[in-house]
Amino acid sequence: MATHEPKFAPNSPIKTHNIFIGAQIFLRISTFVATLASAWIIITNKQTIEIGVFTMDAKYNYSPTSKFLAYANIIVCVLSLFSLFFLCFIGRYGWSPARFFFLFLHDMVMMSLILAGCSAATAIGYLGKYGNAHSGWMPVCDHFEKFCKRGTVSLALSYLAFAFLITLTVTSASKSRQILM
């Protein structure tokens, strides 16, 4: 008589929950690191060039969108650190779907903020790289190559943080859906 046992033992709810919490902690730390690095790169981004007798410089604070991206990264960096502490704090007092709903809302706000900063900086970065002939805006990245490359790296790190945050939002939402059941 053959038995039909599964090849792999199913994970216990405690093991699954521990994996979930470990993934949450990893993603929050990764978000913290990515936003901190992005903010640091964009804030320290500057370049000075000489064209004939003229000296021109480019700094992040000359563009409102670069400042918005930097501030959005700083805010998300701090909020991700707070959410990490909150995640460790609620672990001591028990897990409930209502607490994960709070994390879901928190992650949604952080994700929206970083996406707004990324989209604004992407639009201005595109204009800096390619210009706009209809408006008479000339591309500047052919002159300020170092400045544009550092801005691109900062933007890529911000989009990476967005990917971490969307993953956190989806996983927090899946844990908090048990409120209604």
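This section describes the fold, the helices and selected residue environments of a predicted model.

The protein chain contains four helices and two strands. Along the sequence, these elements follow the pattern α-β-β-α-α-α. The chain has 181 residues, and buried residues make up 34% of them. Contacts are mostly long in sequence. Among contacts between residues at least 6 apart, 78% join residues at least 24 apart. The accessible surface comes to about 11500 Å². Carbon and sulfur atoms account for 70% of that surface.

Helix α1 covers residues 13–43 and includes Gln24. Gln24 counts as buried because its relative accessibility is 1%, under the 20% cut-off. Leaving aside residues up to four places away in sequence, Gln24 touches Leu87, Leu103, Leu168, Thr171 and Ser172. Of these partners, Leu103 is a buried residue of α3. The C-alpha atom of Gln24 is also separated by 8.4 Å from that of Leu84, 60 residues away along the chain. Val33 belongs to α1 as well. Its environment differs from that of Gln24: Val33 has a relative accessible area of 48% and is partly exposed, whereas Gln24 is buried. The C-alpha atoms of Val33 and Leu157 lie 9.3 Å apart, with their positions 124 residues apart in the chain.

Strand β1 spans residues 46–51 and holds Thr48. Thr48 is exposed because its relative accessible area, 54%, is over the 50% cut-off. Thr48 nevertheless has contacts beyond its sequence neighbours: it touches Thr55, Met56 and Asp57, with residues up to four places away not counted. A further pairing in space involves Phe147. Thr48 and Phe147 are 99 residues apart in sequence, and their C-alpha atoms are 9.1 Å apart.

Helix α2 runs over residues 64–92 and carries Asn73. Asn73 has 0% relative accessibility and therefore counts as buried. Its contacts, with residues up to four places away left out, are Thr35, Ser38, Ala39, Ile114 and Ser158. Thr35, Ser38 and Ala39 fall within the residue range 13–43 of α1. Ile114 is among the buried residues of α3.

Helix α2 also contributes to the surface. A nonpolar patch of about 710 Å² is formed by Ile43, Tyr71, Ile74, Ile75, Val78, Leu81, Phe82 and Phe85. The largest contribution comes from α2, which gives seven residues. One patch member, Phe82, lies in α2. Phe82 has a relative accessible area of 51% and is exposed. Within α2, then, Asn73 is buried and Phe82 is exposed.

Helix α3 comprises 34 residues. From its first C-alpha to its last, α3 reaches 48 Å. This span is close to the 50 Å expected at 1.5 Å a residue. Buried positions in α3 are Phe100, Leu103, Phe104, His106, Asp107, Met110, Met111, Ile114, Gly117, Cys118, Ala121 and Gly128. Several of these positions are three or four places apart. An α-helix has 3.6 residues a turn, so residues at such spacings point the same way. After α3 comes Gly131, with a positive phi near 70°.

The structure holds three aromatic pairs. In one of them, the ring centres of Tyr126 and Tyr130 are 4.9 Å apart and the ring planes meet at 50°, so the pair is tilted. Both residues lie in α3, which spans residues 97–130. They are four residues apart, about one turn of the helix. Tyr126 and Tyr130 are both exposed.

The salt-bridge count comes to one. The bridge joins Asp107 and Arg28, with their closest N and O atoms 2.8 Å apart. It links distant parts of the chain: Asp107 sits in α3 and Arg28 in α1, 79 residues apart. Side chains of opposite charge can pair when their charged atoms come close. Both partners, Asp107 and Arg28, are buried.

Taken together, these results connect α1 and α3 in two ways. Gln24 of α1 touches Leu103, a buried residue of α3. Arg28 of α1 pairs with Asp107 of α3.

Notes. Residues numbered from 1 in each chain as written. Predicted model: local features only at pLDDT ≥ 70, side-chain atom pairs only at ≥ 80, totals over all residues. Heavy atoms only, no water. Buried < 20%, exposed > 50% of the residue type's maximum accessible area, 1.4 Å probe, protein only. Contact = heavy atoms within 4.5 Å. Areas by Shrake-Rupley, 256 points an atom, 1.4 Å probe, with all protein chains shown as cover. Patch = residues over 30% accessible without salt bridge, like charges linked within 9 Å, V, L, I, M, F, W, Y side chains within 5 Å. Salt bridge = Lys/Arg side-chain N within 4 Å of Asp/Glu carboxyl O. Phe/Tyr/Trp six-rings, centres within 6.5 Å; stacked < 30°, edge-to-face > 60°. Expected span 1.5 Å × (residues − 1).
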